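Q: Please take a close look at a single interior part of this structure, and describe it together with the elements around it. A formal, connected account would be preferred.

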Amino acid sequence: MAFPTETVYGLGALATSEAAVGAIFKAKGRPATHPLIVHSANTEEALGLARELPALAERLARAFWPGPLTMILPKTDRIPDVVTGGQDSVGVRVPAHPVAQALLYQVGVPVAAPSANRFGKVSPTRAEHVRRDLGPRTAFILDGGPCRVGVESTIIAFPGGEPRILRPGGVSREAIEAVLERPVGIGGDPVRVPGALASHYAPRARVVTASDAELGAAARFLRRTAHRLIILRGRAVEADRLYESLRKADEAGADVILAELPSEAGLGWAVRDRLWKAEAPRTR
Ligand code: TXA
Ligand code: MG
């Protein structure tokens with residue numbers, strides 16, 4: 001079952017059911033070693049999925065939930081190993097979208113959900129995107145309109161008790177540092193974060209990124225060989241438009257997409273991260 005969140009659409013299964021979670025991996029074509037995020041209706045339930053809480057986790061939960069933040073926490077036995085790829089930790093978040101909230105309250109059990117796209121492809125920010133990517137592979141799709149944030153949640157882990165951002169996303173680094181009143185580290189074990197594999201979030205067309213200053217020269221160069229070059233800049237590469245822009249360029253028959261890298265401030269960091277992954281040499 002697919003449902004909207006404020007970040008992207010998710011493909012959900014009862015987190016407590018091994019069979020249901022197994023079906024998600026199958027529908028996405030996702031390797032079993034890549035763990036899923038567990039979604040809870042409220043902060044109490046979400047933190048209850050952790051065996052113990054790092055000192056700063058509760059502060060972040062109070063500041064950003066419901067919202068686009070995922071925290072990696074030591075897991076309780078309630079979460080089966082299929083959800084976490086056999087790891088001892090679980091990623092949890094409380095989504096803010098009213099349809100996601102209503103669904104989670106109705107279901108009454110945490111819901112494991114990856115983004116509702118085939119593994120490695122562009123995430124869906126509209127019900128229509130899910131229908132096109134996974135239509136025959138999901139029982140139903142709840143349509144909650146376009147996603148407000150448009151990039152996935154920020155993932156934060158606490159190795160040795162210290163906060164580290166594993167994936168930039170819908171909550172900015174600046175906002176997290178303001179709440180924690182300290183700088184946070186960046187990066188983690190790349191194997192455990194598929195968004196951190198070289199190629200990810202990829203449209204069909206080849207993607208080339210350029211800074212604002214390089215854009216003109218890059219366009220002139222690419223025009224010499226591209227059949228159909230589409231340039232994405234400004235509003236088209238803001239977080240809430242990014243994935244839709246990449247999809248539309250594919251639909252318009254682009255063989256090359258030239259995308260302007262926004263500044264690193266706010267959600268710009270997450271956009272840059274996704275564009276670089278889309279630009280990386282394709283592994284599939
Ligand atoms: O905004 C979002 O986070 C969306 C919506 C649907 O909630 N979900 C999403 O899920 O982006 P997915 O599966 O596409 O990406 C989840 C990321 C993966 O990179 C995964 O490896 C990481 O979260 N992750 C999940 N559990 C983890 C864990 N225990 N340790 C490290 N990384 C984990
Ligand atoms: Mg994904």
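A: In what follows, two residues are in contact, or touch, when they have heavy atoms within 4.5 Å of each other. The model is a predicted one. In it, Ser172 touches Gly266 and Leu267, with residues up to four places away in sequence left out of the count. Ser172 belongs to the loop that lies between strand 9 and helix 7 (173–180). Because buried means under 20% relative accessible area, Ser172 counts as buried at its relative accessibility of 14%.

Ser172 and its two contact partners Gly266 and Leu267 are also among the residues that line the largest cavity. A search of the whole structure gives one cavity of 30 Å³ or more, and the volume of the largest cavity is about 30 Å³. Its lining also includes Pro168, Gly169, Val171 and Arg173, together with Trp269 and Ala270. Thr154 completes this lining. By class, five of the lining residues are nonpolar, four are polar and one is charged.

Thr154 leads from the cavity to strand 8 (154–157). This strand is covered on both faces: Thr154 and Ile156 are buried on one side, and Ile155 and Ala157 are buried on the other. Strand 8 pairs with strand 9 (residues 164–167) in the antiparallel sense, over three bridges. Within this pair, Arg167 of strand 9 is the residue opposite Ile155. The two strands make a hairpin with six residues between them, and Gly160 in its turn has a positive phi of about 65 degrees.

Strand 8 is also joined to strand 5 by three bridges, and here the two strands run parallel. Thr154, already met in the cavity lining, stands opposite Leu69 in this pairing. Strand 5 (residues 69–74) is in turn linked by four bridges to strand 6 (residues 89–93), in an antiparallel arrangement. Ile72 faces Gly91 of strand 6 across that pair. Helix 3 (residues 57–64) packs on the sheet and touches both strand 5 and strand 8; the angle between its direction and that of strand 5 is about 155 degrees.

These strands belong to an open sheet of eight strands with mixed pairing, in the order 3-7-4-6-5-8-9-10. Strand 3 (13–14) and strand 10 (185–186) are its edges, each pairing on one side only. In general, the strands of a sheet pair through backbone hydrogen bonds, in either a parallel or an antiparallel sense.

Two further features may be set beside this region. Strand 11 (residues 206–210) is mostly covered, with four of its five residues buried. Five bridges connect strand 11 with strand 13 (residues 256–260), the two running parallel, and Val208 is opposite Leu258 of strand 13.

The second largest pocket contains about 270 Å³ of space. Its lining includes Arg118, Lys121, Arg132, Asp133 and Arg204, as well as Arg247, Asp250 and Glu251. Eight of the lining residues of this pocket are charged, three are nonpolar and none is polar. Helix 6 (127–134) and helix 9 (239–251) each contribute at least two residues to the lining, and helix 9 gives the most, with three.

Note on methods:
Residues numbered from 1 in each chain as written. Chains lettered and ligands numbered in written order. Predicted model: local features only at pLDDT ≥ 70, side-chain atom pairs only at ≥ 80, totals over all residues. Heavy atoms only, no water. 1 Å grid on protein atoms, 1.4 Å probe; cavity = no way out; pocket = protein on both sides within 12 Å on 5 of 7 lines; lining within 4 Å. Points joined across faces, edges and corners; volume = space filled by probe spheres on them. Nonpolar A, V, L, I, M, F, W, Y, C, P; charged D, E, K, R; others polar. Pairing = 2+ DSSP bridges. Axes fitted to C-alpha atoms, helices over the stretch in contact; angles between N-to-C directions. Buried < 20%, exposed > 50% of the residue type's maximum accessible area, 1.4 Å probe, protein only.
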